[in-house]
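I sat down with this one over coffee and kept notes as I went. Here is the model, with my entries below it.

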Amino acid sequence: MASSITKSAGWGAAFSVASVWFGTHVGGGFATGNQAIQYYVQYGWMACFLPMIAMGILALVLRECMIMATTRNMYTYKEVFTELWAPYIKMEITMEIFNFVIILAAVGSAIAGAASLLETFGIPYGVAVCIIGLLIVLLVIFGVNLVIKASTVMSIVILVASFTMYFIAIANHSSEIAAVITSGEAQAGTAIWKTLVYSGFQCVAVPSMIAASSMLTKKGVSRASFLGWLMNGLALTVSCIMLLGWHSEVVAAEATTLPNLFICNTLGIGVLSFCYQVSLFFAFISTCTTTIFTMVQKFENRVLVNSIKSLRVRRVIVAIICVLVCMCVSMVGLSNIIKYAYGYCGYLGLVVITLPVLTIGHKKNKEYIATHPESVN
């Protein structure tokens, strides 16, 4: 069936799609600096270039997924992964499992991050988790549209605050960064493995990129993948370079949960610190609210349909259940979620997404385009 959508190969359209990937990657987890330390910085100077490799691998995966979608006029990850695994179409369930688990981990880490931020104001962690859980339920029920409208503005604020901090902090500790790099000390094997794992769990961007690719031709997909690689790779690299110079101080201060907040406060720029904390808190809440709302929409007509006729009541119950499950996940702490939950999601992503997409998917795309040359336009 032909698509009614006019597709583009232009750089403007490609940039719009690349920005979807950037928005998925550069959220609360990225802005805390916790991910950067756990997957790159603690293993030494190789953190200066390994983020570009991780994002390069992911760019190739996203490119094949988007090509499969746009050449066949597919709009959901379910369609794409059914095509990927055909004729063994039940294997598509592996993507469903990955997507469900990574969502639980992402929301759990966002709740944990917001609670950790409140903890810096003297609120006990368990109490903070309960406060965040109640706030999310209320926003999902009554204020999700407000959160969606405000999220773009707050995302811009957090990016401006974060990158301002990055460059000031790099200039402040340039000699420490140079010392780490020139020392040549690195746990090379572990660093490379963690880079692969990072690219694996960042496959969380696959569904949104498939949906966004409907506006692109094959050439546009290649451009979007290239721009996304630059945007995400450079942002993560700058973050890692900054943290290389501050890592010893962060560890000494026992501030590894929210390292960027520690650095921001240490710099002593009051306005920057305030903007960073407010935008970081909202980034966490926004991630939780929009993701839980998506889960509510998915399950509201599948559970309790026979026993509860009111859609609003079912939505409230599903929202509460989803939030409670994610609150339970958050109780293990932000660092543990990023280390273990994201880590295992990374292993799963490598096996069920990265490897099959770059082998089976690439082969199928090449064969399909050879027999359907009109599909690339």
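Which hand does the crossing of H12 and H13 have, left or right? I looked, and the crossing of H12 and H13 is left-handed. A reminder to myself before going on: this is a predicted model.

**Entry: H12 and H13**
I took the axes next. Helix H12 (residues 259–267) and helix H13 (residues 270–299) have axes that come within 8 Å and cross at roughly 160°. Angles over 145 degrees count as roughly antiparallel, so I noted H12 and H13 as roughly antiparallel to each other. On the H12 side, I listed Asn260, Leu261, Cys264 and Asn265 as making the contact; on the H13 side, Leu272, Ser273, Tyr276 and Gln277 make it. Sorting the contact of H12 with H13 by class gave me 4 nonpolar, 4 polar and no charged residues.

**Entry: H4 and H9**
I moved on to helix H4 (residues 50–71) and helix H9 (residues 188–201), whose axes come within 9 Å and cross at roughly 40°. That makes H4 oblique to H9. The crossing of H4 and H9 is right-handed. H4 brings Leu50, Ile53, Ala54, Met55, Ile57 and Leu58 to the contact, and H9 brings Ala191, Ile192, Thr195, Leu196, Tyr198 and Ser199. By class, I found 10 nonpolar, 2 polar and no charged residues in the contact of H4 with H9.

**Entry: the core**
Which residues touch the most other members of the largest nonpolar core? They are Phe81, Ile292 and Ile353, out of 121 residues in that core. Helix H7 (residues 125–172) gives the most to this core, with 15 residues. I followed up on Ile353: setting aside neighbours within four places in sequence, Ile353 is in contact with Val61, Phe81, Met95, Phe98, Cys203, Val206 and Leu348.

**Entry: two loop residues**
Is Ser213 buried or exposed? I found Ser213 in the loop between helix H10 (206–212) and helix H11 (218–252), and Ser213 is buried, with a relative accessible area of 0%. Beyond its neighbours within four places in sequence, Ser213 is in contact with Met66, Ala69 and Thr70.

Ile123 came last; I found Ile123 in the loop between helix H6 (93–119) and H7. Its relative accessible area is 25%, so Ile123 is partly exposed. Not counting residues up to four places away in sequence, Ile123 touches Leu118, Ala128 and Ile131. I also checked a distance: the C-alpha atoms of Ile123 and Lys194 are separated by 33 Å, with the two positions 71 residues apart along the chain counted as their spacing.

How values were computed:
Residues are numbered from 1 along each chain as its sequence is written. This is a predicted model: local features need pLDDT of at least 70, side-chain atom pairs count only at pLDDT 80 or more; totals for chains, interfaces and linings use all residues. Side-chain values use heavy atoms; hydrogens and water are left out. Axes are lines fitted to C-alpha atoms, for helices over the stretch in contact, and angles run from 0 to 180 degrees between N-to-C directions. Helices (H or I, at least four residues) and strands (E, at least two) are DSSP runs, numbered from the N terminus. Angles under 35 degrees count as roughly parallel, over 145 as roughly antiparallel, 65 to 115 as roughly perpendicular and the rest as oblique. A crossing is left-handed if the near helix is turned anticlockwise from the far one by less than a right angle, and right-handed if clockwise. Contact means heavy atoms within 4.5 Å. Ala, Val, Leu, Ile, Met, Phe, Trp, Tyr, Cys and Pro count as nonpolar, Asp, Glu, Lys and Arg as charged, and the others, Gly among them, as polar. A nonpolar core is a set of buried Ala, Val, Leu, Ile, Met, Phe, Trp, Tyr and Cys residues joined through side-chain atoms within 4.5 Å. Buried means under 20% relative accessible area, exposed over 50%, partly exposed in between (1.4 Å probe, protein chains only).
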